[in-house]
Amino acid sequence: TISMSYSGKLLRAGHDAPLTSLAFSADGEVLAATLASGHLAVYECASGRPTFWSLEYSTEIAACLERLPGTPVGCSFSPDPTCRQLMVYSPGGFCTLDTQKAPDCAAAQRSRLGNQKRRRGPVAPHLHSRPNELSSLGGADVAGGPCLDAAPGLRGKAASHGGGNSSNGRTILLRDPCAFLGHLSPSEAILLEKPWEDVASTFAPPLYAHRYGS
C-alpha cells in the first residue's frame, strides 16, 4: 500500500499574489519568499510564522523593493551561516538586505536618485563588460553595470550611490535583463544577463515603419 499521509506546514504570505521564488538561509532557520506583487516575506522554519524583521519592517522592505524595475523573480541567501544577507533580484536590478537589521530607506532613496542620474548621463566605458562572464561582487564590476558597495562583504570598485558606507537596502540597476543572480560565496555572486540586442532580435517585425524626415 502507498501511504498518502503528508508532513509539513502550509505558509501563507498574507497576499493573493503568486510566489515567484523561495530561498532558505544557510543555517536552515528561515525561509524567504518573493511575490509577484513585489513583496518579500521571511518565515521562521520551526514555527512557520513570519519573522520579527519581516513584520516590524514590512513598510521599509516594500519601499526598498519598490526601487527594483519589474517584479522580483528570485532571491538568494549568503552561504555564510553566521549572517542572513539576502539578495532579491528582478529583470532590471537587485537589492541587498540584511534580514537581521533595519532597512535603510534613506539609502534606497539615494540609490534611486543615483540610478536616475547615471541613466541620464553617458555610458561609462567600464560598463561594457561581457554578459556571460562570471562576475565577482567582491572586487570586480558586475556584467553590465558596477556593483556599488551593495552590502558588507559585497563591494565593488565603482563609486557607491549616496556615499561609500554600506547600507541595508541598497538597490543596483542593471543595463541588460537579469536571468539569474545567486551567491557563490559570502563575498562573490554569479550574474547571468541577456543583452538587449538578443532580446530585441526575438521581437516580431513591425507592421508599419516610418522614418522621420521622409
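Student: Taking contact to mean heavy atoms within 4.5 Å, which residues does Leu-97 touch, not counting residues up to four places away in sequence?

Tutor: This is a predicted model, in which local features need pLDDT of at least 70 and side-chain atom pairs count only at pLDDT 80 or more, while totals for chains, interfaces and linings use all residues. Residues are numbered from 1 along each chain as its sequence is written, and side-chain values use heavy atoms, with hydrogens and water left out. With neighbours up to four places away set aside, Leu-97 touches Leu-40, Trp-53, Ile-61, Cys-64, Leu-65, Arg-84, Gln-85, Leu-86, Pro-103, Asn-168 and Gly-169.

Student: Which element gives the most to the largest nonpolar core?

Tutor: A nonpolar core is a set of buried Ala, Val, Leu, Ile, Met, Phe, Trp, Tyr and Cys residues joined through side-chain atoms within 4.5 Å, where buried means under 20% relative accessible area, exposed over 50% and partly exposed in between (1.4 Å probe, protein chains only). The largest such core has 16 residues, and Leu-97 is among those with the most contacts inside it. β2, β3, α2, β4, β5 and β6 each supply at least two of its residues, and the element that gives the most, with three residues, is α2.

Student: Which residue forms an aromatic pair with Tyr-89?

Tutor: Rings of Phe, Tyr and Trp (its six-membered ring) pair if their centres lie within 6.5 Å, and planes under 30 degrees apart count as stacked, over 60 as edge-to-face and the rest as tilted. Tyr-89 is buried, at 6% relative accessible area, whereas its partner is partly exposed, at 40%. At 6.4 Å centre to centre and 75° between the planes, the pair is edge-to-face, and the partner of Tyr-89 is Phe-180.

How values were computed:
Helices (H or I, at least four residues) and strands (E, at least two) are DSSP runs, numbered from the N terminus. Contact means heavy atoms within 4.5 Å.
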